[in-house]
Amino acid sequence: MLSTVITDLFHAIDTRDWDAFEQIFHPDIVYDRPGYESFSGIERLLKFYREERILASGNHYIEQIVIEHNHGACWGRFIGVKKDGSPADVLFTDVYCFEHGRIKKRRSYFFQPAV
């Protein structure tokens, strides 16, 4: 079930279970995230989460997941702490394309002042 892939994704991120990414993401994953160049491939994605992400810890709280064929979306809230010690409380939306039961494309949107 593709909605389980999404819940598994956020559980892996929140628990820092990077080994689970190989089951969740397609090897040729493309991830678009505001403020960064597109991440292409599982190794680039892992580098981001292990080394570059500005968030130190926290939890995602999913409000809703919608799946239609090989596409999906979810939205919710992340509450945690940034690496600089400041709090993070951000509403987010993700959209996905799946291939063979794994996420092949992910695009994140964050609800905060940007422009």
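**Exercise 1. Salt bridges**

Determine how many salt bridges the structure holds, and establish whether Asp94 and Arg106 are buried or exposed.

*Solution.* In this predicted model, the count of salt bridges is eight. One of them joins Asp94 to Arg106, with the closest N and O atoms 2.7 Å apart. Asp94 lies in strand E5 and Arg106 in strand E6, so the pair ties together parts that are 12 residues apart in sequence. To classify the two partners, compare each relative accessible area with the limit for buried residues, which is under 20%: Asp94 has 1% and is therefore buried, and Arg106, with 2%, is buried as well.

**Exercise 2. Partly exposed pairs and a network**

Find the salt-bridge partner of Glu99 and that of Arg44, and state which residues are joined into one network by salt bridges that share partners.

*Solution.* Begin with Glu99, which forms a salt bridge with Lys104, the closest N and O atoms being 3.3 Å apart. Glu99 is partly exposed at a relative accessible area of 29%, and Lys104 is likewise partly exposed, at 27%. The network, built from salt bridges with shared partners, consists of Arg44, Lys47, Glu51 and Glu52. Within it, Arg44 is bridged to Glu52, with a closest N to O distance of 3.0 Å; Arg44 is partly exposed at 28%, and Glu52 is partly exposed at 26%.

**Exercise 3. The surroundings of Arg33**

Locate Arg33, and explain why Arg33 has no salt bridge.

*Solution.* Arg33 is found in the loop between strand E1 (25–32) and strand E2 (39–40). Although Arg33 is buried, the nearest side chain of opposite charge, that of Asp94, is 6.7 Å away; because a salt bridge requires the nitrogen and the carboxyl oxygen to be within 4 Å, no such pair is assigned to Arg33. The side chain of Arg33 does make a polar contact with the side chain of Tyr31, at 2.8 Å. Beyond its neighbours within four places in sequence, Arg33 is in contact with Phe39, Phe48, Tyr49, Arg53 and Phe110. Tyr31, Phe39, Phe48 and Tyr49 are among the members of a cluster linked by ring pairs, which also includes Trp18, Phe21, Phe25 and Tyr36. As for Arg53, its charged end sits over the ring of Phe78, 5.6 Å from the ring centre.

**Exercise 4. Gly101**

Place Gly101 between its two strands, and identify the residues that Gly101 touches beyond four places in sequence.

*Solution.* Gly101 belongs to the loop between strand E5 (87–99) and strand E6 (102–111), where its relative accessible area of 36% makes it partly exposed. Setting aside residues up to four places away in sequence, Gly101 touches Leu2 and Val5. Gly101 and Ile24, 77 residues apart in sequence, have their C-alpha atoms 8.0 Å apart in space.

Methods. Residues numbered from 1 in each chain as written. Predicted model: local features only at pLDDT ≥ 70, side-chain atom pairs only at ≥ 80, totals over all residues. Heavy atoms only, no water. Helix = DSSP H or I, 4+ residues; strand = E, 2+ residues; numbered from the N terminus. Buried < 20%, exposed > 50% of the residue type's maximum accessible area, 1.4 Å probe, protein only. Lys, Arg positive; Asp, Glu negative; His and termini not counted. Polar contact = N/O pair within 3.5 Å; in protein donor to acceptor, adjacent residues only side chain to side chain. Contact = heavy atoms within 4.5 Å. Phe/Tyr/Trp six-rings, centres within 6.5 Å; stacked < 30°, edge-to-face > 60°. Lys NZ or Arg CZ within 6 Å of the ring centre and 35° of its normal.
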